[in-house]
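Open the model in your viewer and keep the selection panel at hand. The tour goes from one selection to the next.

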Amino acid sequence: MRVLDKNGSARLIGVEEILYFSNYHNTIYIHTLEGEFVLPTTLTDLFAAYKNHGFERLDRSNVVNIGNISGYDPNRKVVYFSEPSLYATVSEANEKRIKQYLKSKKEGQPDE
């Protein structure tokens, strides 16, 4: 996917690198472990394009790659990724679905 960095330069990133998409002041941002990039489109269009690739709309301001979620903080109502400072908000309506997803993901892991 071609995105723009903070300087407006084009860059290619792979779908597997995407942690989540967010919307702020009508601008779509793509969040990766390497940083934040801009994509000239809408969250509705992104969700339509990526919903079959493991992305879910967790609230009106983001579309998250659920395969990259490391955990959920029910007090803050956020999912977080391997980098603790990276997180995405979860609407109350989607809270139960995320809890079920993380429970099934944990149950699917082999015992250590």
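Contact here means heavy atoms within 4.5 Å. With that cut-off in mind, note that this is a predicted model.

**Stop 1: the whole chain**

Show the cartoon. The chain holds 2 helices and 10 strands. Follow them along the sequence and the pattern reads β-β-β-β-β-α-β-β-β-β-β-α. The radius of gyration is 14 Å, close to the 13 Å from the globule rule for 112 residues, so the chain is as compact as a globular protein of that length.

Turn the C-alpha trace onto its principal axes. The spans are about 45 × 30 × 25 Å. Now colour by burial: 35% of the 112 residues are buried. Of the contacts with a separation of 6 or more, 37% are between residues 24 or more positions apart.

**Stop 2: helix 1**

Select residues 43-50, which form helix 1. Which residues of helix 1 are buried? They are Leu43, Leu46 and Tyr50. Look down the helix axis. The buried residues fall within an arc of 60°, so they line one face of helix 1. The face turned away from the buried side carries Thr44 and Ala48, both exposed.

What do the buried residues of helix 1 pack against? Add strand 3 (18-24), strand 4 (27-32) and strand 5 (35-39) to the selection; these are among the partners. Then add strand 6 (55-59) and strand 7 (62-65), which also pack against the buried residues of the helix.

**Stop 3: Phe55**

Stay with strand 6, where Phe55 is found. Its relative accessibility is 0%, so Phe55 counts as buried. Show its contacts, leaving out residues up to four places away in sequence. Phe55 touches Val15, Ile18, Phe21, Phe47, Tyr50, Val63, Val64 and Asn65. One of these, Tyr50, is also among the buried residues of helix 1.

Draw a C-alpha to C-alpha distance from Phe55 to Asn23. The two are 32 residues apart in sequence and 15 Å apart in space.

**Stop 4: Asp59**

Move along strand 6 to Asp59, which has its place there. Asp59 is buried yet has no salt bridge. Where is the nearest side chain of opposite charge? It belongs to Arg57, 6.3 Å away. A salt bridge would need a side-chain nitrogen of Lys or Arg within 4 Å of a carboxyl oxygen of Asp or Glu.

Now look for polar partners. The side chains of Asp59 and Thr89 are joined by a polar contact of 2.2 Å. A polar atom of the Asp59 side chain also lies 2.7 Å from the backbone nitrogen of Ser61. Beyond its neighbours within four places in sequence, Asp59 is in contact with Thr89, Val90, Ser91 and Asn94. Thr89 therefore appears twice on this stop: within the 4.5 Å contact cut-off, and as a polar partner of Asp59.

**Stop 5: Thr32**

Jump to strand 4 and pick Thr32. Thr32 is buried, at a relative accessible area of 4%. The Thr32 side chain reaches the backbone nitrogen of Glu34 at 3.1 Å. Display its other neighbours, again skipping those within four places in sequence. Thr32 is in contact with Ile13, Glu17, Ile18, Leu19, Phe37 and Leu86. Ile18 is a residue that you have met before, as a contact of Phe55.

**Stop 6: the loop between strands 3 and 4**

Select His25, in the loop between strand 3 and strand 4. Is His25 buried or exposed? At 63% relative accessibility, His25 counts as exposed. Check the backbone: phi of His25 is near 50°, a positive value in a residue other than glycine.

Select Asn26 next, in the loop between strand 3 and strand 4. Asn26 also has a positive phi without being glycine, near 60°. At 75% relative accessibility, Asn26 counts as exposed.

**Stop 7: Arg2**

Finish in strand 1 (residues 2-4), where Arg2 has its place. Arg2 is exposed, with a relative accessible area of 55%. Leaving out residues up to four places away in sequence, Arg2 touches Ala10, Arg11, Leu12 and Leu39. Draw one last C-alpha to C-alpha distance, from Arg2 to Pro40. They sit 38 residues apart in sequence and 9.9 Å apart in space.

Technical notes:
Residues numbered from 1 in each chain as written. Predicted model: local features only at pLDDT ≥ 70, side-chain atom pairs only at ≥ 80, totals over all residues. Heavy atoms only, no water. Buried < 20%, exposed > 50% of the residue type's maximum accessible area, 1.4 Å probe, protein only. Helix = DSSP H or I, 4+ residues; strand = E, 2+ residues; numbered from the N terminus. Arc of directions from axis to C-beta. Lys, Arg positive; Asp, Glu negative; His and termini not counted. Polar contact = N/O pair within 3.5 Å; in protein donor to acceptor, adjacent residues only side chain to side chain. Rg over C-alpha atoms; globule rule 2.2 N^0.38 Å.
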